[in-house]
Amino acid sequence: MPNPNTTEDPVANAAALLRGMVRIRCIEEELADLYRDEQEMRTPVHFSVGQEAAAVGVCAALREDDLVYTGHRSHAAYLAKGGDLTGMVAELYGKQTGCSAGRGGSVHLTDRAVGFAGSAAILGEMISVATGAAWAMATQGSSRVVVTFFGDGASEEGVFHESLNFAAVHRIPVVLVCENNSYSISSPLSARQPANSATTGITERARAYGIAAERVDGNDVSLVHEATLRATAHCRAGQGPYLLELDTYRWREHVGPGFDTGIDRPGPEVEAWLERCPVRRSTAALRADVPDIEEHIARWDEEFRDETRLAVTAAKAAPFPHVDRLTDGAYGRPADAS
């Protein structure tokens with residue numbers, strides 16, 4: 001994805017952000033259909049359809065050498081950080097050519113070449129890992145920043161509070177990005193956290209540790225991008241950690257390719273969030289400056305769906321990991337060791 005930081009043209013900048021969201025939307029929709037219909041991807045999948053603005057807006061504000069860690073909903077951030085689509089798809093199929101050599105599946109993606117340091121399924125695990133990585137870089141005098149994505153459910157884990165406290169004490173350059181989609185699996189935020197969010201919400205919890213924090217409309221990619229630029233500048237200036245709470249909403253079920261409208265979530269709520277689609281909103285914002293923006297989107301849609309199909313074809317043709325190399329990647333031996 002073109003990095004919007006490389007241009008001062010606000011229209012080109014906004015178009016690049018929109019293109020990045022369309023790409024992730026197309027890729028995940030194609031993969032969700034295949035996952036449902038073919039039953040060949042034998043890994044749990046957590047799609048980010050509806051939440052693309054968070055990953056694109058954040059990652060577009062990062063340098064290539066900055067690091068990103070995520071939880072289980074990892075595809076969007078992986079792709080937005082420049083991850084290899086062919087490697088990601090092969091990983092979903094469990095193939096040796098996958099970005100984690102077929103051993104991690106959807107929730108354990110990694111690509112050191114682009115600064116995607118890893119993802120994990122344990123709730124909140126990567127918050128502490130990212131904090132430690134950022135601390136290590138800071139002690140080495142690096143100006144790099146580490147970003148960690150997690151959901152609102154992870155903010156209820158002890159590791160969230162321990163990491164915030166540690167990061168605040170040591171002024172660690174970590175940007176903590178909470179994708180608040182209001183649900184922990186099927187449990188709404190209202191059933192898990194105190195009602196008075198003005199004083200007890202996720203942003204307020206970070207501020208209680210003396211951490212700079214702001215709550216942003218997570219479905220407005222431009223606002224997310226601008227907030228991340230502020231956060232990374234804060235970290236690079238040695239001012240410590242920064243938390244971004246991004247209000248957003250996943251369209252698909254917690255895990256899997258389907259929709260849980262009317263099952264775990266009320267239909268009117270879902271419909272209201274569909275109206276706040278980040279792709280649609282970004283398109284509307286660009287229409288005055290780019291009257292033919294829908295034509296661009298149609299071309300991108302075709303391009304990215306073709307790209308995904310090619311990656312799927314390559315994944316299906318690739319070999320599975322051989323049993324003789326089962327322990328590659330364990331005990332310090334790299335997964336690509338011969």
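**Exercise 1. Strand β1**

Which residues point one way from β1 and which the other way, and are they buried or exposed?

*Solution.* The structure is a predicted model.

Step 1. Sort the side chains by direction. L67 and Y69 point one way from β1, while V68 and T70 point the other way.

Step 2. Check burial. All of these residues are buried.

Step 3. Look up the partner strands. β1 is joined to β3 by three bridges, and the two run parallel. β1 also pairs with β2 in the parallel sense, over three bridges.

Step 4. Place single residues. L67 stands opposite V146 in β3, and the bridge partner of Y69 in β2 is G118.

**Exercise 2. The sheet**

Find the order of the strands in the open sheet, and state which strands stand at the edges.

*Solution.*

Step 1. Write down the order. Six strands form the sheet, as β2-β1-β3-β4-β8-β7, with parallel pairing.

Step 2. Identify the edges. β2 and β7 (212-217) each have a single partner strand, so one side of each is left without a neighbour in the sheet.

Step 3. Add the twist. With direction ignored, neighbouring strands of this sheet are turned by 15 degrees against each other on average.

Step 4. Examine the pairing of β7. Six bridges join β7 to β8, and these strands run parallel. V216 stands opposite L246 in β8.

**Exercise 3. G118**

Describe the surroundings of G118 in strand β2.

*Solution.*

Step 1. Determine burial. The relative accessible area of G118 is 5%. Buried means under 20%, so G118 is buried.

Step 2. List the contacts. Not counting residues up to four places away in sequence, G118 touches V68, Y69, T70, L109, T110 and M126.

Step 3. Assign contacts to elements where possible. V68, Y69 and T70 are residues of β1, and M126 is one of the buried residues of α5.

Step 4. Take one distance. G118 and G71 are 47 residues apart along the chain, and their C-alpha atoms are separated by 8.6 Å.

**Exercise 4. E245**

Is E245 buried or exposed, and what does its side chain contact through polar atoms?

*Solution.*

Step 1. Locate the residue. E245 is in strand β8 (residues 242-247).

Step 2. Determine burial. E245 counts as buried because its relative accessibility is 2%.

Step 3. Find the polar contact. The side chains of E245 and T203 make a polar contact at 2.5 Å.

Step 4. List the remaining contacts. Besides T203, and not counting residues up to four places away in sequence, E245 touches C178, N180, I202, E214, R215 and V216.

**Exercise 5. Helix α5**

Test the length of α5 (residues 125-139) against the expected span, and find where its buried residues lie around the axis.

*Solution.*

Step 1. Calculate the expectation. At 1.5 Å a residue, the 15 residues of α5 should span 21 Å.

Step 2. Compare. The end C-alpha atoms of α5 are 22 Å apart, which agrees.

Step 3. List the buried residues. They are M126, I127, A130, T131, A133, A134 and M137.

Step 4. Look down the axis. The buried residues of α5 fall within an arc of 165 degrees, so they line one face of the helix. In an α-helix there are 3.6 residues a turn, so residues three or four places apart point the same way.

Step 5. Name the cover. It includes β1 (67-70), β2 (116-119), β3 (146-151), α6 (158-170) and β4 (174-180).

Step 6. Inspect what follows. G141 comes after α5 and has a positive phi, near 80 degrees.

**Exercise 6. Helix α4**

How many residues of α4 are buried, and what do they pack against?

*Solution.*

Step 1. Count. Seven of the eight residues of α4 are buried, and the helix is mostly covered.

Step 2. Name them. They are L85, G87, M88, V89, A90, E91 and L92.

Step 3. Find the packing partners. These buried residues pack against α1 (10-38), α3 (75-80) and α12 (293-317).

Step 4. Inspect the helix end. Just after α4, G94 has a positive phi of about 70 degrees.

**Exercise 7. Positive phi outside glycine**

Compare A101 with R171 by phi, position and accessibility.

*Solution.*

Step 1. Read phi. A101 has a positive phi of about 60 degrees, and phi of R171 is near 50 degrees. A101 is not a glycine, nor is R171.

Step 2. Locate both. A101 lies in the loop between α4 (85-92) and β2, whereas R171 lies in the loop between α6 and β4.

Step 3. Classify. A101 counts as buried at 8% relative accessibility, whereas R171 counts as partly exposed at 48%.

Note on methods
Residues are numbered from 1 along each chain as its sequence is written. Side-chain values use heavy atoms; hydrogens and water are left out. Helices (H or I, at least four residues) and strands (E, at least two) are DSSP runs, numbered from the N terminus. Buried means under 20% relative accessible area, exposed over 50%, partly exposed in between (1.4 Å probe, protein chains only). A polar contact is a pair of N or O atoms within 3.5 Å; within protein, one must be able to donate a hydrogen and the other to accept it, and residues adjacent in sequence count only if both atoms are side-chain atoms. Contact means heavy atoms within 4.5 Å. The expected span of a helix is 1.5 Å times one less than its number of residues. The arc is that of the directions from the helix axis to the C-beta atoms. Two strands pair if DSSP finds at least two bridges between them. Axes are lines fitted to C-alpha atoms, for helices over the stretch in contact, and angles run from 0 to 180 degrees between N-to-C directions.
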